[in-house]
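The exercises below are meant to be worked with the model in view, one at a time. Try each task before reading the solution that follows it.

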Amino acid sequence: MSSAPPVFISAADVERLLPRASLLLPGLEAALSNFSAGPAGGVEQPLRAVLRVRPYRGFLGVMPAYSAADDALSTKLVTFYEPRGDSAAPSHQATVLLFDPRCGALRAVLDGAVITAKRTAAVSAIATKLLMPRPAAVLCILGAGVQARSHYEAFTELFDFTEVRLWNRTEQRALQLASSVGGAVRVCGTVRDAVCGADVIVTVTMATAPILFGEWVKPGAHINAVGASRPDWRELDDALMKSSVLVVDSREAALAESGDVILSGAEIFAELGELLKGTKPAQPEKTTVFKSLGMAVEDTVAAKFVYDAWSAGN
Ligand SMILES: NC(=O)C1=CN([C@@H]2O[C@H](COP(=O)(O)OP(=O)(O)OC[C@H]3O[C@@H](n4cnc5c(N)ncnc54)[C@H](O)[C@@H]3O)[C@@H](O)[C@H]2O)C=CC1
Ligand SMILES: O=C(O)C1=NCCCC1
């Protein structure tokens, strides 16, 4: 075994080596299926530890995973802070450590922000492919931050929406995102206007109370609920949670971390990996919610993809 020092792969290099979230789709689909197969799937992933940085309304998450199918071992360290007007720092910052699983040596330290943005959007796209109504014409994104951009990029590459709508709590930020993406985006003044008649909705906000209400959602729509990753935070109201077919990335995580799941008491129908394996039906004709909390094995797959591309001299 070589004892070479670990390489550092910067955000710019991650972006260069992983230019599109869609490159992760095969690896992520396999990892999600393997995760939901239990011990036979070869994914080791404990519930993430989340430490509260109370005086600053911040959190530090530690996300380790091993994937036997990828023979990859990593841990992500991610901080996320509630919005503060006086801070110029991004709300989420992350680093992924990639180890040699054969001996435990640290091989690479990768910027985790781009990885988090792209793998999250790719997983939402996997859920959307299975759960969106057919046809699906209107995409609506609620939020205008990092995840809003990565979801816009992945979804407009992978699907044929005829209209994209965007809402943000501060309209100026939505206008900035809309003018920078290079495609037609309609900025809406209210969530209600944005979601009215939408086929696919993505919630990517830092909201702590519901912003999306079931009465506004078209029956049969598919919602990717990506924000609200604390047990007392919400993006979706009880009516929407309870009237939808609820799919999660991890049952264990959803029952421990998701305010939308815990506080609504909504019943979990399946893990996304179970839909991918075909052990549970997808039901795209119904109103569906994919509650995404983010899984460490998604970072493992993405970090290995980037490291392999770097090692190949790309
Ligand atoms: N499920 C997953 O795998 C992941 C989920 N996330 C979550 O996705 C969400 C978005 O993350 P980023 O885009 O990185 O954050 P960001 O800080 O870049 O963007 C957050 C957006 O939410 C808006 N916002 C802030 N407070 C709000 C409120 N009270 N109500 C409505 N909107 C509000 C902001 O204006 C901004 O447009 C966060 O909740 C984050 O924790 C982030 C990474 C992975
Ligand atoms: O999976 C992740 O990475 C995150 N999920 C929820 C919020 C922080 C980052």
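Two residues are in contact when heavy atoms of theirs lie within 4.5 Å, and helices (H or I, at least four residues) and strands (E, at least two) are DSSP runs, numbered from the N terminus. The model is a predicted one, in which local features need pLDDT of at least 70 and side-chain atom pairs count only at pLDDT 80 or more, while totals for chains, interfaces and linings use all residues. Residues are numbered from 1 along each chain as its sequence is written, chains are lettered from A and ligands numbered from 1 in the order in which they are written, and side-chain values use heavy atoms, with hydrogens and water left out.

**Exercise 1. Helices α4 and α3**

Task: Find which elements the buried residues of α4 pack against.

Solution: Begin with the extent of the helix, since α4 covers residues 146-158 and its 13 residues reach 19 Å from the first C-alpha to the last, close to the 18 Å expected; the expected span is 1.5 Å times one less than the number of residues. Next, pick out the buried residues, where buried means under 20% relative accessible area, exposed over 50%, and partly exposed in between (1.4 Å probe, protein chains only). In α4 these are Gln-147, Ala-148, Ser-150, His-151, Tyr-152, Ala-154 and Phe-155. Following their contacts outward, one arrives at α3 (113-131), β8 (138-142), β9 (163-167), α5 (171-180), β11 (200-203) and β12 (222-225). One of these partners, α3, is itself mostly covered, with 16 of its 19 residues buried, and α3 reaches 27 Å from its first C-alpha to its last, close to the expected 27 Å.

**Exercise 2. The open sheet**

Task: Work out which strands stand at the edges of the sheet.

Solution: First write down the order of the eight strands, which is β10-β9-β8-β11-β12-β15-β13-β14 in an open sheet with parallel pairing. The edges are held by β10 (186-187) and β14 (268-271), and because each has a single partner strand, one side of each is left without a neighbour in the sheet. Two strands are said to pair if DSSP finds at least two bridges between them. To look at one pair in detail, take β13 and β15 (residues 288-291), which pair in the parallel sense over four bridges, and note that Val-248 stands opposite Lys-291 in β15.

**Exercise 3. The two ligands**

Task: For each ligand, find which residues make polar contacts with its oxygen atoms.

Solution: A polar contact is a pair of N or O atoms within 3.5 Å; within protein, one must be able to donate a hydrogen and the other to accept it, and residues adjacent in sequence count only if both atoms are side-chain atoms. For ligand 2, an oxygen atom lies 2.6 Å from an N or O atom in the side chain of Lys-76, while the corresponding distances are 2.8 Å for the side chain of Arg-119 and 3.2 Å for that of Arg-48. The protein covers 90% of the 260 Å² of accessible area that ligand 2 has on its own, an area computed by the Shrake-Rupley method with a 1.4 Å probe (for residues, only the protein chains shown count as cover).

For ligand 1, a polar side-chain atom of His-92 lies 2.7 Å from an oxygen atom of the ligand, and one of Arg-119 lies 2.9 Å from such an atom. Met-206 contributes through its backbone instead, with an N or O atom 3.2 Å from an oxygen atom of ligand 1. Of the 860 Å² of accessible area that ligand 1 has on its own, the protein covers 90%.

**Exercise 4. A buried serine**

Task: Decide whether Ser-250 is buried or exposed, and find what its side chain reaches.

Solution: Locate Ser-250 in the loop between β13 (245-248) and α8 (251-257). With a relative accessible area of 3%, Ser-250 is buried. Its side chain reaches the backbone nitrogen of Ala-253 at 3.0 Å and that of Glu-252 at 3.4 Å. Leaving aside residues up to four places away in sequence, Ser-250 touches Phe-35, Glu-271 and Met-295.

**Exercise 5. Backbone exceptions**

Task: Find where the cis peptide bond lies.

Solution: Most residues other than glycine have a negative phi, and most peptide bonds are trans. Against that background, a cis peptide bond joins Arg-134 and Pro-135, with omega about -5°, and Pro-135 has its place in the loop between α3 and β8.
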